[in-house]
Amino acid sequence: MNAIVRALRTPELRAKILFTLGMIAVYRLGVFVPTPGFDATNVQRCADAALGAQNGSVLGMVNMFSGGALLQLSVFSLGVMPYITASIIVQLLRVVIPRFEALHKEGASGTAKLTQYTRYLTIGLSVLQATTIITLVRSGNFFVGCNLELVPDQSVPTLLLMVLTMTVGTVLIMFMGEMITERGIGNGMSLMIFSSIAASFPTAFGQVWMLKGWMVFGLVLLVALVVMVGMVFVEQSQRRVPVQYAKRMVGRRMYGGTSTYIPIKVNQAGVIPVIFASSILALPQMASSFGDPNAAWVQWINQHLVMGYSFSWVYAVVFVALIIFFAFFYVSITFNAEEIADNMKKYGGFIPNVRAGKPTERYLRYVINRIQSAGAVYLAIICLIPLLALVYLGTSQDFPLGGASLLIIIGVGLDTVKQVDAKLQQHHYEGILR
């Protein structure tokens with residue numbers, strides 16, 4: 001608490017914190033501003049019915065990342081998902097397009113260019129997603145079972161205005177996130193996601209209290225404490241691969257001779273595998289929403305691949321398998337053992353008892369695969385918590401403790417504390433972390 005007080009007493013850091021809180025307040029205000037063209041009263045009724053049904057919507061994760069703005073069809077309906085998707089696509093394209101990989105290696109100028117591409121792709125994805133959402137609303141497949149008229153005026157100018165409003169809302173969110181990164185305490189887009197998810201926690205816990213009573217509520221809080229402590233421990237855990245640099249003479253100066261390490265986190269992939277797995281599992285449900293409800297294949301998908309009030313082992317097994325697959329797939333792309341080994345060899349670095357070059361590359365791949373095995377199992381266990389709560393507590397699949405929500409809350413919280421601590425250290429203070 002004393003460290004937080006000292007942070008607020010530092011003029012520069014206080015200005016950054018207040019600016020960040022102001023941007024988050026504007027973002028949360030925009031969540032409740034309806035998009036022009038929708039009947040706000042009917043949308044609210046359908047949204048309340050959808051929240052009460054808890055039937056596992058295809059757009060459930062997008063609604064979570066938007067802080068509930070999606071079901072309200074507000075100007076910030078799309079949230080940060082278009083930007084997240086665009087960032088992941090650009091990062092994956094580095095493997096396919098050599099130009100992107102070359103830009104990544106150019107340093108700050110190349111990174112700025114990739115950021116510009118990410119912004120353009122975000123706008124394109126925003127237009128596509130806004131068009132899809134409006135089409136689903138007009139066809140009655142967005143709020144299943146709600147037959148109220150949501151778009152009174154379906155003229156082309158009105159529909160174009162709705163698409164434009166949602167797209168501009170995403171661009172505004174992207175701008176606010178970048179402003180928080182530049183002028184605030186950092187982690188702009190991550191903090192926007194953090195605030196969206198945290199805003200849904202009181203409602204989720206309140207539903208547990210009302211539906212299951214105080215005993216189950218107390219059990220949920222106990223589980224929350226244990227899970228959070230365990231997640232903090234795992235998220236902070238890392239394997240440090242020692243690296244030794246040989247001494248070398250450059251002119252009249254001696255360089256090298258130092259020891260360092262390569263930090264490899266247990267959860268190297270972060271929350272990306274969970275997002276990928278959830279997106280893949282959403283595709284069959286999306287396809288079934290356009291089919292005949294009485295068709296056999298639609299009923300099979302709704303029974304086995306859609307999580308609502310019933311538990312499905314097929315869903316659980318497929319979900320875990322996808323998480324483990326994408327954990328290894330994403331780490332294999334982002335952790336380039338060959339590039340690390342080449343850079344070490346170029347600057348005279350080596351791992352003790354391991355030869356430079358190909359042996360170092362093979363050793364790094366061996367280490368990352370062993371560590372990622374534990375990380376993938378950890379991700380699968382965290383994401384199974386809502387499914388186990390569905391069985392033993394009778395809650396819905398939107399159980400607040402587990403999956404992408406807690407991973408983001410814990411990860412962003414730790415990163416933000418570290419950034420504030422680093423800024424405090426610049427002012428010769430003790431810092432938050434001890």
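These points describe the fold, cores, helix packing and sheet of a predicted model.

1. Overall make-up. The protein chain has 434 residues, and 45% of them are buried. Its secondary structure amounts to 16 helices and 5 strands. Among contacts with a separation of 6 or more, 71% join residues 24 or more positions apart.

2. Main nonpolar core. The largest nonpolar core holds 85 residues. Those touching the most other members are Ile173, Met231, Ile264, Val274, Phe319 and Leu407. The element giving the most to this core is helix 10 (residues 188–236), which supplies 14 residues. Another core, of 22 residues, lies apart from it; Ala47, Leu70, Ile133 and Phe143 are among its members.

3. Ile264. This residue is one of the core members named above, and strand 4 spans 259–265. Leaving aside residues up to four places away in sequence, Ile264 touches Gln238, Arg239 and Val241. On the same count, Ile264 also touches Phe335, Val367, Ile368 and Ile371.

4. Helix 2 against helix 9. Helix 2 covers residues 11–30 and helix 9 covers residues 156–183. Their axes come within 9 Å and cross at roughly 170°. An angle over 145 degrees counts as roughly antiparallel, so helix 2 is roughly antiparallel to helix 9. From helix 2, the contact uses Lys16, Phe19, Thr20, Met23, Ile24, Val26 and Tyr27. From helix 9 come Ile173, Met176, Met179, Ile180, Glu182 and Arg183. By type, the residues of this contact are 9 nonpolar, 1 polar and 3 charged. Ile173 of helix 9 also appears in the largest nonpolar core.

5. Arg28. Is Arg28, a residue of helix 2, buried or exposed? The cut-off for buried is under 20% relative accessible area; Arg28 has 17%, so Arg28 is buried. Not counting residues up to four places away in sequence, Arg28 touches Ser66, Gly67, Ser195, Ser196 and Ala199.

6. The sheet. Which strands form the open sheet, and in what order? There are 3 strands, in the order 4-1-5, with antiparallel pairing. Strand 4 (259–265) and strand 5 (349–350) are the edge strands, each pairing on one side only. Strand 1 (residues 238–245) pairs with strand 5 over 2 bridges, in the antiparallel sense. Gln244 has Phe350 of strand 5 as its bridge partner.

Notes:
Residues numbered from 1 in each chain as written. Predicted model: local features only at pLDDT ≥ 70, side-chain atom pairs only at ≥ 80, totals over all residues. Heavy atoms only, no water. Core = buried A, V, L, I, M, F, W, Y, C linked by side-chain atoms within 4.5 Å. Buried < 20%, exposed > 50% of the residue type's maximum accessible area, 1.4 Å probe, protein only. Helix = DSSP H or I, 4+ residues; strand = E, 2+ residues; numbered from the N terminus. Contact = heavy atoms within 4.5 Å. Axes fitted to C-alpha atoms, helices over the stretch in contact; angles between N-to-C directions. Parallel < 35°, antiparallel > 145°, perpendicular 65-115°, else oblique. Nonpolar A, V, L, I, M, F, W, Y, C, P; charged D, E, K, R; others polar. Pairing = 2+ DSSP bridges.
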